[in-house]
Amino acid sequence: QVQLLESGGGLVQVGGSLRLSCAAFGRTFSSYTMGWFRQAPGKEREFVAAISRSGGSSNSADSVKGRFTISRDNAKNTVYLQMNSLKPEDTAVYYCAASPRVTITTSRYEYPYWGQGTQVTVSS
């Protein structure tokens, strides 16, 4: 089992940047595919980005491609989400999640471990 703790959310203006961090505690961090999801009020939780165990491959939603970058540091047991050129529609609670799957998955049902979430608000 692994425990996840997100940080780095906040209020930012349109076009600004934020970097989210997710620290993992418990079993070997490098044995998990890691993902970021987000949930806006009244909407379902949606996939944002995911990264393989080694960090050698990643995938992201079309809505954030070219703006958001996922990365991980296995020595620090941490995964990051660098968010640039933020838009009001990026406003949501952002969740870090861990999956034991070997390959990257975009389905939230494949991630049994979740953090508590961090709020990101983009103001215009």
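R38 and D90 pair up in a salt bridge, with their closest N and O atoms 2.9 Å apart. R38 sits in strand β4 (residues 33–39) and D90 in the loop between β8 and β9 (92–99), so this contact ties together parts that are 52 residues apart in sequence. Keep in mind that this is a predicted model. Below is a quick tour of its charged pairs, its open sheet, its disulfide, its nonpolar core and its aromatic rings.

**Salt bridges**

- The count of salt bridges comes to six.
- Side chains of opposite charge can pair when their charged atoms come close.
- Back to the opening pair: are R38 and D90 buried or exposed? R38 counts as buried because its relative accessibility is 6%, under the 20% cut-off, and D90 is buried too, with a relative accessible area of 1%.
- That pair also belongs to something wider, as R38, E46, R67 and D90 are linked in a network of salt bridges.
- R108 and E44 meet through their side chains in another salt bridge, at 3.6 Å from N to O. This one links distant parts of the chain: R108 is in the loop between β9 and β10 (113–114), E44 is in the loop between β4 and β5 (46–51), and 64 residues separate them.
- R108 is partly exposed, with a relative accessible area of 25%, whereas E44 is exposed, at 61%.
- R101 and E110 form a salt bridge as well, and their closest N and O atoms are 3.7 Å apart. Both ends are partly exposed: R101 has 34% relative accessibility, and E110 has 31%.

**The open sheet**

- Four strands make up an open sheet in the order β1-β3-β8-β7, and their pairing is antiparallel. β1 and β7 (68–73) stand at the edges with a single partner strand each, so one side of each is left without a neighbour in the sheet.
- From one strand to the next, the twist averages 20°.
- Strands of a sheet pair through backbone hydrogen bonds, either parallel or antiparallel.
- At one edge, six bridges join β1 to strand β3 (residues 18–26), and the two run antiparallel. Within this pairing, L4 stands opposite A24 in β3.
- Which residues of β1 lie on its covered face? In this strand (residues 2–7), V2, L4 and E6 are on the covered face, while Q3, L5 and S7 are on the uncovered one.
- At the other edge, β7 is joined by six bridges to strand β8 (residues 78–83), again antiparallel. R72 has V79 in β8 as its bridge partner.

**The disulfide**

- The structure holds one disulfide. C22 and C96 form it, with their sulfur atoms 2.1 Å apart.
- Where do the two cysteines sit? C22 is in strand β3 and C96 in strand β9, so far along the chain from each other that the pair links distant parts, 74 residues apart.
- The link between C22 and C96 is left-handed, with -75° about the S-S bond.
- Both cysteines, C22 and C96, are buried.

**The nonpolar core**

- The largest nonpolar core has 33 residues, and the ones that touch the most other members are M34, W36, V79, L81, M83 and Y94.
- Many elements chip in: β1, β3, β4, β5, β7, β8, β9 and β11 (118–123) each give two or more residues to this core.
- V79 turns up twice in this tour, as one of those core residues and as the bridge partner of R72.

**Aromatic rings**

- There are six aromatic pairs by count.
- F37 and Y111 make an edge-to-face pair, 5.1 Å centre to centre with 75° between the planes. F37 lies in strand β4 and Y111 in the loop between β9 and β10, so the pair ties together parts that are 74 residues apart in sequence.
- Both of these rings are tucked away: F37 is buried, with a relative accessible area of 1%, and Y111 is buried at 2% relative accessibility.
- Y95 and W114 have ring centres 6.3 Å apart and planes at 80°, so they are edge-to-face. Y95 is in strand β9 and W114 in strand β10, 19 residues apart.
- Y95 is buried, with a relative accessible area of 13%, but W114 is partly exposed at 26% relative accessibility.
- These two pairs come together in one aromatic cluster, formed by F37, F47, Y95, Y111 and W114.

Terms used
Residues are numbered from 1 along each chain as its sequence is written. This is a predicted model: local features need pLDDT of at least 70, side-chain atom pairs count only at pLDDT 80 or more; totals for chains, interfaces and linings use all residues. Side-chain values use heavy atoms; hydrogens and water are left out. Buried means under 20% relative accessible area, exposed over 50%, partly exposed in between (1.4 Å probe, protein chains only). Two strands pair if DSSP finds at least two bridges between them. Axes are lines fitted to C-alpha atoms, for helices over the stretch in contact, and angles run from 0 to 180 degrees between N-to-C directions. A salt bridge is a side-chain nitrogen of Lys or Arg within 4 Å of a carboxyl oxygen of Asp or Glu. A nonpolar core is a set of buried Ala, Val, Leu, Ile, Met, Phe, Trp, Tyr and Cys residues joined through side-chain atoms within 4.5 Å. A disulfide is a pair of cysteine sulfur atoms within 2.5 Å. Rings of Phe, Tyr and Trp (its six-membered ring) pair if their centres lie within 6.5 Å; planes under 30 degrees apart count as stacked, over 60 as edge-to-face and the rest as tilted.
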